[in-house]
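Please have the model open in your viewer, with the sequence panel visible. The tour goes from one selection to the next and says what is there.

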Amino acid sequence: MSKTTAPKPIAPAGGSAWRHYQSKEVLGVEGSAGLIGIFSRRKSSKEAEVIDPELLEAEAKEAKARKYGGLSWDLPGVPPPDFSIESDESNALCRAQLSVFSKGVKEYEYLKEARIHAPWRSTVAEARKDGCELRRTAFRTARTDPLLQEVRRKCFELENRQWNMSELANDQDCEEGNDRQLPEFTVGIFEKKTFQTAAEWFHEKDRKQLEEAFMPVGPNWVKTQLGTPIPQLPGVWYMHERQNQEGKHQPWLFFNASLGRYFRQRGDAGGKWVQTGTPHHPENLPVRISHGSACLPAVGGRKDTMAVMLPELHRTCHLLKQPLLFMDRPAAMFLLVDGLRESSAAAAFCAQRFHTFFLPRLSSRQDEPEDFELVEMVNQAIEDLEKSLLDSNARYAGCGLALLLVLGQRVLVANVGNCRAVMCTPPKPSGEGLAAPSPKDPWKIRLLVGGGPSGQALADVVKLERLRRLKEYAPLDFEGKPGDVLSGCSATAEELSAISDPRERALRRVAKAAHHFAALGFSATEAVTATVATVQKAVEDFERTVGKPDGTSLYTTALGRVKAAAKAVEAMISLDSFGTNQLAELCYVMDDEGGILSQKRAASILGVEPGCGEATAHAQVETRYRAVLSNLAGASPEGAASAWSIMGEVVDAAARPVAQLWAPPVENRAVAAARAMGLRDLKRPRKLVGLEIVSEVVHLEDNSTFCVMLLTEGMREVTEAQIADAITLHEGKPKAACLRIAHEAAKKKEAAEVKAVGAVAAYIDISDDYITEPDKAATKKLKTADGRSMPSAKPPSRIRIAHILLKCQPASGPAPSDPQARRQAPSDRTQADGEAQLLKLVEVLLAEYHKGPEAGASKRLSAKFAELAREHSDCKSATNGSLSDLGWINQGQHGKDFDAVAFELPVGGLSDIIVTQRGVHLLHRLA
């Protein structure tokens with residue numbers, strides 16, 4: 001086995017650790033006689049050393065694992081690549097997980113374990129074949145490819161590879177025992193060791209003192225005690241515990257100080273223990289994150305966009321019993337979801353649950369994940385969230401999703417759907433000795449389109465979308481442009497009759513067709529009674545109607561679809577006319593239902609009662625359709641696969657408990673997104689909408705400032721220049737920047753077309769003069785009125801502050817009493833209205849600050865603030881003296897949300913827009 005070199009032990013000073021022991025304490029009464037002559041008989045270290053059989057067996061097994069398929073792994077101290085098979089929660093699917101080890105050097109040498117997951121498979125043989133393919137690639141390339149790009153490329157190939165079961169039957173890669181080549185250990189009870197002579201006891205005591213000096217990396221390790229179950233290897237053991245779902249503390253990591261190795265549990269509780277990488281020693285990095293969001297409702301007040309802000313991820317994970325003990329600080333996570341189909345059902349589902357799928361994965365890592373591992377964690381969390389959504393009552397709703405994850409100086413951005421992500425940086429001097437840029441110079445902006453060594457680029461995702469649509473019989477006129485939509489059913493007769501030009505009507509009919517029969521122009525009755533002759537006539541009618549080629553791509557693709565449909569239907573009719581009729585009936589049922597089967601219609605197809613349960617529904621499928629569709633598979637495997645996909649939705653609709661599911665009205669089922677969460681009717685039985693994820697990881701430079709912003713689809717008409725202007729104007733005020741962009745988007749639409757819009761922004765400052773709170777709690781970092789950062793050696797105990805308060809009507813329930821209120825909130829002022837009004841005041845104040853010489857800027861700002869407070873503020877403080885202030889305040893007087901902002905402001909500072917129980921505020925510190 002491989003040993004990780006731990007920090008050098010500190011040996012005890014000579015003569016400083018002597019203790020007196022009675023012989024009976026060591027050997028008991030009978031063995032005490034053995035003390036006579038022990039000093040003359042004591043063996044040397046080499047003579048006394050005995051290698052335990054468990055260790056010999058483990059080393060032999062690892063030596064064997066270093067040879068595979070004619071390849072060898074010759075890196076000393078580094079275990080060879082190995083894989084195991086893991087199952088999903090339902091045990092219906094399984095996949096291979098490959099572990100690839102490498103060495104790194106920080107203050108000490110450490111072992112790194114990278115984990116790569118193969119695609120889910122339905123059989124263990126397929127998963128084992130995937131694992132062998134990945135391990136073979138890792139043996140060949142991992143030593144010279146630290147980012148494991150070749151292994152990841154092979155993994156991508158496997159996602160598009162279907163193994164032939166007849167081939168796998170005689171494949172040696174699929175044989176049992178090819179996985180888990182490295183040593184595994186069961187746990188046993190740690191028992192006190194007995195000794196035959198005093199010499200053995202003294203030698204063991206000396207050895208343990210040295211071994212115990214090899215402390216594990218990271219916090220919260222404890223030495224195991226008698227009775228503690230530990231992996232069956234000799235040595236001094238430390239363990240790391242965490243709470244399980246029942247709240248009980250259980251070990252999840254072990255460290256053997258004698259061997260210098262770390263062990264993790266493979267699989268669920270009860271699994272065996274395997275060697276893993278060295279834990280990451282967490283650092284407190286000089287990074288400060290300020291964040292804000294703005295979500296404006298659609299017409300009528302519907303909130304389709306939602307933001308989830310977790311700026312203190314360590315604290316959040318601790319409260320959720322998923323601590324990030326080995327992650328750098330600070331860490332933050334921001335999520336923006338954008339509802340589709342004029343519904344917030346899917347958006348609310350994802351906003352409330354994403355953290356439950358992602359944070360356990362992040363918390364389960366004791367090492368520092370590589371960039372591609374972080375991307376894979378996010379992808380797996382989104383995929384699992386999608387599975388849960390597609391089985392929920394919100395399955396037919398949909399949403400886009402954008403994620404911003406900050407881990408120290410590393411930023412990960414991922415999105416699904418039409419959300420955007422941009423990164424802005426302040427302007428820099430163009431050369432040595434040049435003047436610093438003006439505060440009015442706009443920030444530089446770039447669209448985060450994914451890619452890089454670890455992420456997936458938008459361009460690659462678009463290619464995958466096109467291939468998927470081509471395979472899934474998607475509408476031919478969808479190209480992802482504004483105005484293009486995807487629908488799960490064929491065009492209705494009413495839609496086609498609205499097109500006056502026969503040629504255009506024929507082309508659109510074919511373009512929107514969801515199956516071969518609709519492409520040929522058959523009605524449901526005509527499809528059931530179709531013959532080879534009627535099929536040929538349908539092709540001739542189409543060619544006569546559309547006329548000669550006009551050079552357009554739609555003509556070419558439509559004609560190709562009609563001819564392919566004719567060929568497929570003719571073949572099915574010739575070989576199995578009854579099966580063809582059954583397929584046609586199922587296809588037109590989906591069209592009649594608008595792509596979403598009602599429970600009553602599904603139950604009638606199977607001849608069962610609604611809510612009958614899966615067992616009854618599947619039994620009826622076996623009785624009614626198994627033989628028919630099996631015969632159809634001989635004539636047309638493609639047609640049979642389509643029928644079975646539809647039947648899966650019939651079973652789901654008929655079997656589920658009788659409950660009201662949200663479903664969009666028929667006229668609102670088409671969507672303009674090719675990628676989204678939810679939208680089950682557009683993913684089953686045909687996968688018209690995918691879940692391809694655009695992702696990018698950015699490493700932030702020292703002594704720099706960045707702003708990352710997430711934007712919903714409703715912000716599409718806001719230009720990058722407008723985004724950069726808002727970020728520049730409201731530097732250091734992320735909520736104000738989001739509000740400005742959101743209102744810019746609303747201005748570009750007619751009042752009746754205003755959709756819900758949302759934005760999330762995070763300003764990230766990296767500065768060596770910023771001391772993080774865990775390092776020095778008394779040190780704070782303050783901001784000036786124009787957003788510049790400045791350190792302060794000590795936080796103030798008392799401050800003098802003024803504020804403008806706009807009281808708002810609560811979203812629900814009565815307004816809380818406020819004895820300090822100057823007046824009640826207007827009956828029609830919502831929180832969004834109050835924030836919009838404060839945004840205008842912020843921009844007036846910033847204009848006042850910048851309109852004259854910098855020397856008098858603070859005085860101008862204070863005077864203007866007092867003027868605006870007297871005019872607009874709903875707090876009694878607006879009438880207090882010439883500065884309209886609250887006076888001198890101490891922490892705790894106005895609540896945590898107020899204090900968190902007020903006591904961070906420098907003298908003369910202007911805050912971002914904040915929200916408390918009293919309403920929305922704007923703060924200005926006077927002293």
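A polar contact here is a pair of N or O atoms within 3.5 Å, one able to donate a hydrogen and the other to accept it. Keep that cut-off at hand, and keep in mind that this is a predicted model.

**Stop 1: D171**

Select D171, in the loop between α7 (165-168) and β6 (187-189). Now add K129 to the selection. The side chains of D171 and K129 are joined by a polar contact of 2.7 Å, which is within the 3.5 Å cut-off. The two residues are 42 apart in sequence, and their C-alpha atoms are 8.4 Å apart in space. What else does the side chain of D171 reach? Show the backbone of D173: its nitrogen lies 2.9 Å from the side chain of D171.

**Whole chain**

Zoom out before going on. The chain has 28 helices and 29 strands. Of its 927 residues, 51% count as buried. If you take the contacts between residues at least 6 apart in sequence, 71% of them join residues at least 24 apart.

**Stop 2: two residues with positive phi**

Go to N91, in the loop between β3 (82-87) and β4 (94-105). N91 is not a glycine, yet its phi is positive, about 60 degrees. Is N91 buried or exposed? Its relative accessible area is 61%, so N91 is exposed.

Next select L679, in the loop between β20 and β21. L679 also has a positive phi of about 60 degrees without being a glycine. Its relative accessible area is 0%, so L679 is buried.

**Stop 3: two cis peptide bonds**

Stay in the loop between β20 (677-678) and β21 (694-699) and select P685. The peptide bond that leads from R684 to P685 is cis, and its omega is near 5 degrees.

For another cis bond, move to P330, in the loop between α9 (313-319) and β15 (331-340). R329 and P330 are joined by a cis peptide bond with an omega of about -5 degrees.

**Stop 4: E717 and α24**

Select E717, in the loop between β22 (704-711) and α24 (720-729). With a relative accessibility of 42%, E717 counts as partly exposed. Add A745, which is 28 residues from E717 in sequence; the C-alpha atoms of the pair are 6.5 Å apart.

Now colour α24. Its buried residues are I723, A724, A726, I727 and T728. What do these buried residues pack against? Their partners are β18 (420-425), β19 (444-447), β22, α25 (734-747) and β23 (757-766).

Two packed helices are described by the angle between their axes and the distance between the axes. For α24 and α25 the angle is about 150 degrees and the axes are 8 Å apart. The two helices are therefore roughly antiparallel, and their crossing is right-handed. To see the contact, show Q722, I723, A726, I727 and L729 of α24 together with A737, R740, I741 and E744 of α25. By class, this contact has 6 nonpolar, 1 polar and 2 charged residues.

**Stop 5: D818**

Move along the chain to D818, in the loop between β26 (798-806) and α26 (831-850). Is D818 buried or exposed? Its relative accessible area is 16%, so D818 is buried; the cut-off for buried is under 20%.

Show the side chains of K807 and R918. The side chain of D818 makes a polar contact of 3.0 Å with that of K807 and a polar contact of 2.9 Å with that of R918. If neighbours within four places in sequence are left aside, D818 is in contact with L805, K807 and R918.

**Stop 6: α26 and α27**

Finish with α26 and helix α27 (residues 857-872), whose axes come within 8 Å and cross at roughly 150 degrees. At that angle α26 is roughly antiparallel to α27. The crossing of these helices is right-handed. On the α26 side, select Q837, L841, V844, L845, E848 and Y849. On the α27 side, select A857, S858, R860, L861, K864, F865, L868 and H872. Coloured by class, the contact of α26 with α27 shows 8 nonpolar, 3 polar and 3 charged residues.

Conventions. Residues numbered from 1 in each chain as written. Predicted model: local features only at pLDDT ≥ 70, side-chain atom pairs only at ≥ 80, totals over all residues. Heavy atoms only, no water. Helix = DSSP H or I, 4+ residues; strand = E, 2+ residues; numbered from the N terminus. Buried < 20%, exposed > 50% of the residue type's maximum accessible area, 1.4 Å probe, protein only. Contact = heavy atoms within 4.5 Å. Axes fitted to C-alpha atoms, helices over the stretch in contact; angles between N-to-C directions. Parallel < 35°, antiparallel > 145°, perpendicular 65-115°, else oblique. Left-handed = near helix turned anticlockwise from the far one by under 90°. Nonpolar A, V, L, I, M, F, W, Y, C, P; charged D, E, K, R; others polar.
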